[in-house]
Amino acid sequence: MPKFLMKRWHGYHMIALVVIALLFIGILTWYQWQIGVIGFFLLGVVLIYGIQARISFEKDLEEYISTLSYRVSKAGEEAVTKLPIGMILYNEEKVVQWGNPYVTSYIASDVIGKHLNDISEELILMIESDEKNQTLQIGELFFYVSHELDERLIYFQDITEIKEATERFEEAQTVVSLIFLDNYDEVTQGMEDQLRSRLMSQVTLALNNWANEHEIFLRRTASDRFIAVMNMKSLKDLEKNRFDILDKIREITGKEKVPITLSLGVGTGEDSLRELGILAQSSLDLALGRGGDQVAIKKKNGKVTFYGGKSNALEKRTRVRARVISHALRDFVLESEKVFIMGHKNPDMDAIGAAIGVQKIADVNEKEASIIIDHTDINHDVQKLMEEVENHDNLWSKFITPNEALEEVTPGTLLIVVDTHKPSLVIEPKLLEEVERIIVLDHHRRGEEFIKDPVLVYMEPYASSTAELVTELLEYQPKKLKMDRLESTALLAGIIVDTKSFAVRTGARTFDAASFLRSNGADTTLVQTLLKEDLEHYVKRAKLIESAYFYHKGIAISIANDDEVYSQIIIAQAADTLLNMKGTVASFVLSKRKDGVVSISARSLGEVNVQLIMERLNGGGHLTNAATQLEDVDLDEAKGKLQEAIDYYLEGGK
């Protein structure tokens, strides 16, 4: 019951008692007036005493309420002035009208009359964006700032100690790294013991000095492997200098004329040492898959950061591995009900040639295999090859569309992906979900995006092309191989295109593969016919090159006009041609494609790692050959993004 009702009820109760007493005394007076007089007297005394008591009670209550109100008001004032929370009132012009003593002590002594922008520029941004809560740094202190828009009131809570404790905790997090000496076994094989000992002594000394400088626990686990345990603070220091240990090791081994480089796989973001070790091994595999001489840092969320990769990949694959992969591929083919072969979207000569080569592997093992191709998305560069294939009844019957492949998928289907390892780039991504067993054959440097759970992976960034890899796999098939002229020529054309007629990324194994294909009927005259260019494309490429300019010394950029559309092959050819110009060490060509996407092709002679530049724009490739596609941007925006990526690379990622 509310208090005012209770008070009223008590008043009525007292009146009722007085009325009853009067009636009772009145009845007594009727019979005994003497007793009635005494009763009236006593009742009067009681009434007078009750009235005085009530007056006294109300007076005391009023004094108590007055005192309590004063104390509450006083407590509020004390809270505003003494609590460790800053308070600021500002007007419509964002000028401070009032601030409590905490603000004047810790934020600004003469805060009243100042514009909020003078206290912190971020305060204005916070107010304009209607943010209610935000963490801001003012001077050397960090504050959790709350904003009451209607009252134009800002609260500041000092969280400097909390932030410092959080940073100390994060810096103390454990990081595990696995270190691998690239090419150690291959390079030191046959080396004199004295030279090998001196070389390893220099490398080990450099690593130990590096570990001591950055407070890293380093232990050697094998002749070419180390394990390093550090904290997050040490890792951040290493990232600041972009892992200069890579350059030091390259310099040391370079003086001895021995091409040994360093690769590091780093695992972070996990509390479990076991999980950190797994992340570190996965990172090392990624670094080695990209050619070595670099660092891969993998976090719990799967995000990967790369450093290094300045040198070109040195060939270190062995024929033993090629033979093992060839036999394993044969076993998978024999165990499968159906075999599908798929390359990347807008397939080039290497993708088509490699697919034809893999189809031949299935054919020699008496298994039917189908090559998936989208006839509406074929690279202009392979049109002549496809025309030749159409005239070849047996080979043309092996080509099917993506929809046909989806309809024919069975639980025992084997899918072989060639010339790419990225799910987003394959001709039909749905097949990756429908097929349980997938094999990846690719020569590109491994990127962060990768096909999930393949049963066999043969990725060699040291190879010139996927056609070269497939040719070696054909060599080691146990059954006698008899190739058709068009099949061997398609593989040779793939090698010639990717090596620019054996001018770039060409090793001894490349010539061996070409020799094998030539001995199996490859026609070099037919290759030249397949690679002939029509006059229209030549003129379009020349027009694209005409707009080139040097952004930095040796770095040429060419941008197409907004109203012009070029195919991917012309963009790539323009970048190749531009690289041949005097004084050019790297070239970048930008143009819109028919699908509205802005495509960038990048080429270099090895001095500039265009792969790292393209990866910053979500692309990829090789050190000397890379590309990317940018959606929802115009050419000017793409140009700005490219120039930022080039500046970032040239400035060392600072």
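Student: At what angle do the axes of helix 13 and helix 18 cross, and within what distance do they come?

Tutor: In this predicted model, the axes of helix 13 (residues 349-364) and helix 18 (residues 466-475) cross at roughly 15° and come within 8 Å.

Student: Why is helix 13 called roughly parallel to helix 18?

Tutor: Angles under 35 degrees count as roughly parallel. The crossing is at roughly 15°, so helix 13 is roughly parallel to helix 18. Helix 13 also passes helix 18 in a left-handed crossing.

Student: Which residues make the contact between helix 13 and helix 18?

Tutor: Helix 13 brings Asp 350, Ala 354, Gly 357, Val 358, Lys 360 and Ile 361, while helix 18 brings Thr 466, Ala 467, Val 470, Leu 473 and Leu 474. By class, seven residues in this contact are nonpolar, two are polar and two are charged. Gly 357 goes with the polar ones, because Gly is counted there.

Student: Now to the sheet. What makes strand 2 and strand 3 edge strands?

Tutor: The open sheet has five strands in the order 2-1-5-4-3, with antiparallel pairing. Strand 2 (96-99) and strand 3 (133-138) each have a single partner strand, so one side of each is left without a neighbour in the sheet. On average, neighbouring strands here are turned by 30° against each other, direction ignored.

Student: How do you know that strand 3 and strand 4 pair?

Tutor: Pairing needs at least two bridges. Strand 3 and strand 4 (residues 141-148) have six bridges, in the antiparallel sense, so they count as paired. Among the partners, Thr 135 is bridged to Tyr 144 in strand 4.

Terms used: Residues are numbered from 1 along each chain as its sequence is written. This is a predicted model: local features need pLDDT of at least 70, side-chain atom pairs count only at pLDDT 80 or more; totals for chains, interfaces and linings use all residues. Side-chain values use heavy atoms; hydrogens and water are left out. Axes are lines fitted to C-alpha atoms, for helices over the stretch in contact, and angles run from 0 to 180 degrees between N-to-C directions. Helices (H or I, at least four residues) and strands (E, at least two) are DSSP runs, numbered from the N terminus. Angles under 35 degrees count as roughly parallel, over 145 as roughly antiparallel, 65 to 115 as roughly perpendicular and the rest as oblique. A crossing is left-handed if the near helix is turned anticlockwise from the far one by less than a right angle, and right-handed if clockwise. Contact means heavy atoms within 4.5 Å.
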